[in-house]
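Me: I would like to learn how to read domains, helix packing and chain contacts. Could we go through them slowly, one at a time?

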Amino acid sequence: MRAVRLFCAGAELEAAQLRSNFWFVALTALAAVSFLVMVSLFGLTGAYAPVALINLDGGPYSQSFIEALNGAHHSFALKYMSAEEAETALHSGRLVGIITIPAGFSADVARGITVPIDVRIDNVNVDMTNDVQRALPAAIVAFGKRHNFPGVRVEMVEHDVLPHDTGYIPYLVVSALALDAMVIAGILGAMTTAREWENKTVKMLRLSPASSGVVLAGKLGVAALVAATALGFALLAIIFVYGVVPVAPWATVFTLAACVAIFTCIGAWVGALLKRTLAAVPLLFGLAMPFYVDSGALEPTRFDGEAIWIIAHLSPVYYAVGVLEWAFHGLHVTPEPIYVNLLVLAAIAIVTAALTLGRLSKGEAR
Amino acid sequence: MLLNKPLNGRSLPNAVSSECGLAVDVRHVTCNFGGVRALDGVSLQVVQGTVMGIVGPNGAGKTTLIDVICGLVHPSEGSVRVLGEDVGANSVALRARLGVLPQETALYDEVTARQNLRFAAALYGVPHADARVDEVLELVGLSARARDVVRGFSGGMQRRVAIARALLHDPSLLILDEPTLGVDVEARHQIWAHIRSLRAGGRTVVLTTNYLDEAEALCDRVAILRAGKLVAEDTPTDLAARTGRCLELECPPPNTANLRAALDGHSGVLRAEAADFGLRVYIAADTAPEDIVRAARKVCRVDSFRNRSPDLVEVFRSLTGEPALP
């Protein structure tokens, strides 16, 4: 009964403190949405690069070639433009490149004459150049196959491992939930403990006959609740704004709850070690991105080499992304079975909670 | 008086069960932090129902000694018993009987005074917490500001909230680390009044202070620390007696140096120092002031003289050889 009262007292105090720091908490929680926007922008970048298509021919072969170009793998958003408009747009930085189908293209093709397709590219980075170098030959081959031009003897027959394709942005936003948990729960957890040193109240906690662990549990419980609420908004945004609905809702909820618990506790440790909110917040932000990127958020980590894949196992985000991609899209992005990822997350949550409440509750006598 | 009123049927905490009547018993305590010796063989006993003042300049070891008594710092050597219990055992029961005002005040400054006290009441398991919070707020004169956020309080008001928190659970031993640090004169005298009321209620109080007038005004006994060592420990009156009597000789300033040189050699003179009026001379308790005045008049004209007891500032200077504390 006394433990319950202490827990509630800690929770009540933390709630009052968070209310008095409303804007800090609100802006931290806003990170949940801003990370979704960030990964969406990342997904958009380069995926819809505007490329002008100038068709000076207008004949049937040029139309067929444009269809082949549209069907080829690339990240272009083709726009029909005049030569003058395209040139102006390219020099003002609003176009990645210009593809020009020359006048007489259809007639020359019909006569069996090889026609050069002029491509001007803003090679601001090699990725854009590579994309053109992949897309145009693929379109030319597809065009040749369609019209049974001699000399093309090979074609691709695709067999997908998964029954459905998953868009890059839907893939990314799901993993952003783990990033949200890391940053928001981490910062709120760090703030909870660091404030005890900033206010010097840690001394009073040590002097009191109460169990600091129970008080801390109450305070961290409120911090975790606020983080979970922010994460809930991000989850709703993914479902209703991005239209990505989890196929395994309970696994989603469990994973997010485990992430909140883990990162609230890790944040509490960081806050206790640094003893200052101002130092803890940038550190947690700084750690979040490398752990996030290394977790399989951008693509399964196993594609990135053994070393990166092994390092990723040190981060709870790896297991969280593994479960979340399965829970939302049915994808298996880690070699480990889903139940293993779930068990690891649960184990990390239990261990971090036990270590945090056990160790931080002990007085540090000099 | 509120402090003497039994609370919710509980008895007052003055009946400490220590066999020898000591609330605090510090024996040969040494504390080393890295290469720094913060306390060096300090022994100190505080009798129940008394107010003990620990004075000394910054860095003398006052707060370390307080932390040792509270159990926040484990001494490298020596033993500490508080209210009859070994502090090293870190007993929950002992912590429940201590009320501490740390030097830093240590309040949650984002929340109200009442929220601070309610939280402290939960930590100490105070029954009927709301009523008790009202009582202590009234005691420190902050009932009207109970719902205000502590961040907006003056230093003196924050100290009073912290004192209210220390009193909340009716502690047997109250430990106040620099209770008037950084507060204005009015708040200082209000805090003094609270401490006097605690003493009147028979409570044991250990306080540290940089202000000798504060120690003189409040304490039954005073311990003087310097560089981690206990220089002296006695009643303010007996400490003054150790310094001898103070004789102020009014004489023309050009004669002061000659007079001082002459009196320094007198067997009854402990120490002499120049003052704006002439010379201040500390004389042994068994020396007649008239003898010194006669000796002085042989050297130069003495317009007047005044014989008085030294104050604690003078005692401190005499015992430590340091300039007076602020």
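**Domains, helices and a chain contact**

Reply: Let us begin with the domains, keeping in mind that this is a predicted model. Chain B is divided into domain 1, residues 2-239, and domain 2, residues 245-309.

Me: What distance separates the centres of domain 1 and domain 2 of chain B?

Reply: Taken over C-alpha atoms, the centres of these two domains of chain B are separated by 42 Å.

Me: At what angle do helix H3 and helix H5 of chain B pack?

Reply: A packing of two helices is described by an angle and by a distance between axes, and for H3 (residues 113-123) and H5 (residues 155-167) of chain B the angle is about 25°, while the axes lie 9 Å apart. Because angles under 35 degrees count as roughly parallel, H3(B) is roughly parallel to H5(B). Their crossing is right-handed.

Me: Which residues make the contact of H3(B) with H5(B)?

Reply: H3(B) brings Ala113(B), Asn116(B), Leu117(B) and Ala120(B), and H5(B) brings Val161(B), Ala164(B) and Arg165(B). Sorted by class, this contact has five nonpolar residues, one polar and one charged.

Me: How many residues of chain B are in contact with chain A?

Reply: On the side of chain B there are 25 residues, which are in contact with 21 residues of chain A. Helix H2 (92-96), strand E6 (98-101) and H3 of chain B are the elements that each give two or more residues to this side, and H3(B) gives the most, with four.

Me: How do the residues on that side of chain B divide by class?

Reply: The side of chain B that touches chain A divides into 18 nonpolar, three polar and four charged residues.

Definitions and conventions. Residues are numbered from 1 along each chain as its sequence is written. Chains are lettered from A and ligands numbered from 1 in the order in which they are written. This is a predicted model: local features need pLDDT of at least 70, side-chain atom pairs count only at pLDDT 80 or more; totals for chains, interfaces and linings use all residues. Axes are lines fitted to C-alpha atoms, for helices over the stretch in contact, and angles run from 0 to 180 degrees between N-to-C directions. Angles under 35 degrees count as roughly parallel, over 145 as roughly antiparallel, 65 to 115 as roughly perpendicular and the rest as oblique. A crossing is left-handed if the near helix is turned anticlockwise from the far one by less than a right angle, and right-handed if clockwise. Two residues are in contact if their C-beta atoms, placed from the backbone, lie within 7 Å. Ala, Val, Leu, Ile, Met, Phe, Trp, Tyr, Cys and Pro count as nonpolar, Asp, Glu, Lys and Arg as charged, and the others, Gly among them, as polar. Domain bounds come from an automatic or database domain assignment.
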